[in-house]
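Student: Could we go through this model together and check each label against its definition?
Tutor: Gladly; let us begin by looking at it.

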Amino acid sequence: ALPISESSDSAVYDVGTRLGAAVAGTADVVLPTPPLSGDSKETGSRFEEWKWYGKGKQNNKKGRGRRTYFKAIYRDEETIQAGDCSLFKASPTRPSVGLINKFWEAWDGTKLARVQWYYRPQEIKSKHSSAEDKAGVYLACSYFEDVEISLIVRHCKVLSRAEYSRLESRPDPEKDGIFCQLGVYDPSPDFFAK
């Protein structure tokens, strides 16, 4: 991922809901290729647990409202920061794709990430069909979910249609971790915006 500056004045490391954050600065990213399951028995290698990158910033709340926010997580030689896209364990066959909004540790030590999900055309009633459907995803415009960082498999990239069309060969999204954003989807009224 991108280099991270330790000298930020921000009390909360949050990228907001910038739709462009998913592809910003991805040109220099080298994707590692750990197995999607992360199971050491299948591969013979062992992956570490995700750890916090840098020093966190704590909010002023007490008790259950207390949170410590972090810029990023790391494991082995991979770093994922707020604003990056990642694959998440969802099923044994197909991971989910999400845009990470922020990271924090809850009062009880639970490590969490706020994720804005991408939907695959097969998961929604898509009236749009294209050659990019295999690697295509729609960003959920208003749906966020807080998930444990242990569900993060690895970093991935979500490219715009223009960036995706410039690729020399079509990557396998599950293997290479490269997806094409086909548009924006609002799950409530079944609305598409391109």
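Student: Why is D146 called partly exposed?
Tutor: Partly exposed lies between buried, under 20% relative accessible area, and exposed, over 50%, with a 1.4 Å probe and protein chains only. D146 has 34% relative accessibility, so D146 counts as partly exposed. This is a predicted model, where local features need pLDDT of at least 70 and side-chain atom pairs count only at pLDDT 80 or more, while totals for chains, interfaces and linings use all residues. Residues are numbered from 1 along each chain as its sequence is written, and side-chain values use heavy atoms, leaving out hydrogens and water.

Student: What makes R114 and D146 a salt bridge?
Tutor: The term asks for a side-chain nitrogen of Lys or Arg within 4 Å of a carboxyl oxygen of Asp or Glu. The closest N and O atoms of R114 and D146 are 2.7 Å apart, so the pair qualifies. R114 sits in strand 8 and D146 in strand 9 (residues 136-148), so the pair links distant parts of the chain, 32 residues apart. Strands here are DSSP runs (E, at least two residues), and helices are runs of H or I with at least four, numbered from the N terminus. The structure holds 1 salt bridge.

Student: Which exposure class does R114 fall in?
Tutor: R114 has a relative accessible area of 23%, so R114 is partly exposed.

Student: How do you know that strand 8 and strand 9 pair?
Tutor: Two strands pair if DSSP finds at least two bridges between them. Strand 8 and strand 9 are joined by 7 bridges, so they pair, and they run antiparallel. Y119 stands opposite Y138 in strand 9. On to another partner: 5 bridges join strand 9 to strand 11 (residues 178-186), and these two run parallel. There, A140 stands opposite Y185 in strand 11.

Student: What makes strand 5 an edge strand?
Tutor: Strand 5 belongs to an open sheet of 3 strands in the order 1-4-5, with antiparallel pairing. Strand 1 (51-53) and strand 5 each pair on one side only, and they are the edge strands. Strand 4 (residues 72-75) is joined to strand 5 by 4 bridges. Among the facing residues, Y74 stands opposite T79, and R75 has E78 as its bridge partner. The two strands form a hairpin with 2 residues between them, and D76 in the turn has a positive phi of about 50°.

Student: How do you know that both faces of strand 5 are covered?
Tutor: E78 and I80 on one side are buried, and so are T79 and Q81 on the other. In a regular strand the side chains alternate between the two faces of the sheet.

Student: What makes a group of residues a nonpolar core here?
Tutor: A nonpolar core is a set of buried Ala, Val, Leu, Ile, Met, Phe, Trp, Tyr and Cys residues joined through side-chain atoms within 4.5 Å. The largest has 14 residues, and those that touch the most other members are I73, I80, F88, I100, F103, I149 and I152. Strand 7 (96-106) and strand 8 (111-119) are the elements that give two or more residues to this core. Strand 8 gives the most, with 3 residues.

Student: Which residues is I152 in contact with?
Tutor: Contact means heavy atoms within 4.5 Å. Leaving aside neighbours within four places in sequence, the partners of I152 include W50, I73, I80, F88, I100 and F103.
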